[in-house]
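Hi there,

I am passing on the structure we talked about, so please open it and have a look around. My notes on what turned up follow below.

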Amino acid sequence: MLLQVIATVLALPYLLPLVAMVRGSFAGRGLGNYGKVFDTGVVGTYFRNSAIIAVSVVVIVYLATMLAAFGFSKLRFAGKEIWFWALIAALTMPEAVLLTPLFVMASRFDLYNSYIAVILPLAALQTPFAVMLARNFVDGIPSQLLEAGRVDGARITQVFWHIVLPLTRPIAATIIVLTFISSWNSYLLPMLMLNDPSKQVVTLLPSFFTSQYTNDQTGVLAAAVITAVPAVVAYLSAQKYFERGMAAGALK
């Protein structure tokens with residue numbers, strides 16, 4: 001009972017703004033506020049672009065994370081811990097600090113205004129934390145299982161594919177959900193790298209209702225609610241695995 005009360009108190013600062021956002025989105029015209037968001041004619045395009053970016057980032061982060069976590073946890077190679085902590089050190093780099101060098105590189109390699117200019121940096125920014133979680137989870141897999149597979153003649157790739165991956169589903173679900181939510185909600189990189197209106201993303205949708213001469217807050221809130229729906233669905237659909245993965249991945 002005490003833990004439930006503590007959890008509720010801790011959740012309130014995050015829950016109340018969401019409740020206020022949803023209530024504010026219905027102020028005045030009610031569902032009409034959502035209608036004017038769809039009347040912009042860009043919702044489908046922006047959702048498609050965000051989905052392309054988010055799914056691509058999820059695939060890259062998942063593959064890189066699982067391979068790196070397996071290597072750092074179960075394989076032996078020179079400088080393993082040095083490389084691991086060098087990767088973790090990347091967590092200290094905020095996205096805003098990297099915007100200028102990323103923009104210069106994208107322009108130099110003719111990647112500006114392309115999805116790849118957003119996908120690769122987002123994947124690189126999210127991989128270190130995902131590897132840290134996944135490595136702790138893979139550390140909990142008994143090495144005897146892997147050794148038994150090797151004794152039976154399985155190659156290291158087969159051990160990874162048939163033994164490690166099936167056992168890492170909880171942490172994989174956690175990584176997929178966290179990566180998807182972070183990529184879906186990304187704002188700075190898409191705004192900087194994607195100048196073409198046909199390639200812009202859903203987080204820019206509220207900007208249709210604010211300008212130098214207008215400030216339609218009900219439209220902004222309705223657009224924010226619509227933007228948040230896929231992230232909420234992604235979490236709810238994998239909630240069971242997500243909670244197990246966070247609990248196991250956070251502890252060694």
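Let me start with a pocket. Helix H6 (residues 116-139) gives the most to the lining of the second largest pocket, with 3 residues. If you would like to find the spot yourself, the residues that line this pocket are Ala90, Leu91, Met93, Glu95, Leu122, Leu125, Gln126, Ser182, Ser186, Tyr187 and Leu188. Sorted by class, that lining has 7 nonpolar, 3 polar and 1 charged residues. The space in the second largest pocket is about 190 Å³.

Please keep in mind while you explore that this is a predicted model.

Now for the overall picture. The protein chain has 12 helices and 0 strands, so when you read its elements from the N terminus on, you get α-α-α-α-α-α-α-α-α-α-α-α. The C-alpha trace of the chain spans about 70 × 60 × 30 Å along its principal axes.

Next, some helix pairs.

H3 and H4: Helix H3 covers residues 43-74 and helix H4 covers residues 80-89. Their axes come within 10 Å and cross at roughly 140°, and H3 and H4 are therefore oblique to each other. The crossing of these two helices is left-handed. On the H3 side, the contact is made by Gly71, Phe72 and Ser73, and on the H4 side by Lys80, Trp83, Phe84 and Leu87. By class, this contact has 4 nonpolar, 2 polar and 1 charged residues.

H3 and H9: Here the axes come within 9 Å and cross at roughly 145°, and H3 passes H9 in a right-handed crossing. From H3, the residues that take part are Phe47, Ser50, Ala51, Ala54, Val57, Val58, Val61, Tyr62, Thr65 and Met66. They meet Ile171, Ala172, Ile175, Ile176, Thr179, Phe180, Ser183 and Trp184 in H9. This contact divides into 14 nonpolar, 4 polar and no charged residues.

H9 and H11: How are helix H9 and helix H11 oriented to each other? Helix H9 (residues 169-184) packs with helix H11 (residues 217-237) at an angle of about 175°, and their axes are 9 Å apart. Angles over 145 degrees count as roughly antiparallel, and H9 and H11 are therefore roughly antiparallel to each other. Val177, Phe180, Ile181 and Trp184 of H9 make the contact with Thr227, Pro230, Ala231, Ala234 and Tyr235 of H11. By class, the contact has 8 nonpolar, 1 polar and no charged residues.

One thing to try on screen: pick out Phe180 and Trp184, which appear in the contact of H9 with H3 and also in the contact of H9 with H11.

Enjoy exploring, and write back with any questions!

Best wishes

Note on methods: Residues numbered from 1 in each chain as written. Predicted model: local features only at pLDDT ≥ 70, side-chain atom pairs only at ≥ 80, totals over all residues. Heavy atoms only, no water. Axes fitted to C-alpha atoms, helices over the stretch in contact; angles between N-to-C directions. Helix = DSSP H or I, 4+ residues; strand = E, 2+ residues; numbered from the N terminus. Parallel < 35°, antiparallel > 145°, perpendicular 65-115°, else oblique. Left-handed = near helix turned anticlockwise from the far one by under 90°. Contact = heavy atoms within 4.5 Å. Nonpolar A, V, L, I, M, F, W, Y, C, P; charged D, E, K, R; others polar. 1 Å grid on protein atoms, 1.4 Å probe; cavity = no way out; pocket = protein on both sides within 12 Å on 5 of 7 lines; lining within 4 Å. Points joined across faces, edges and corners; volume = space filled by probe spheres on them.
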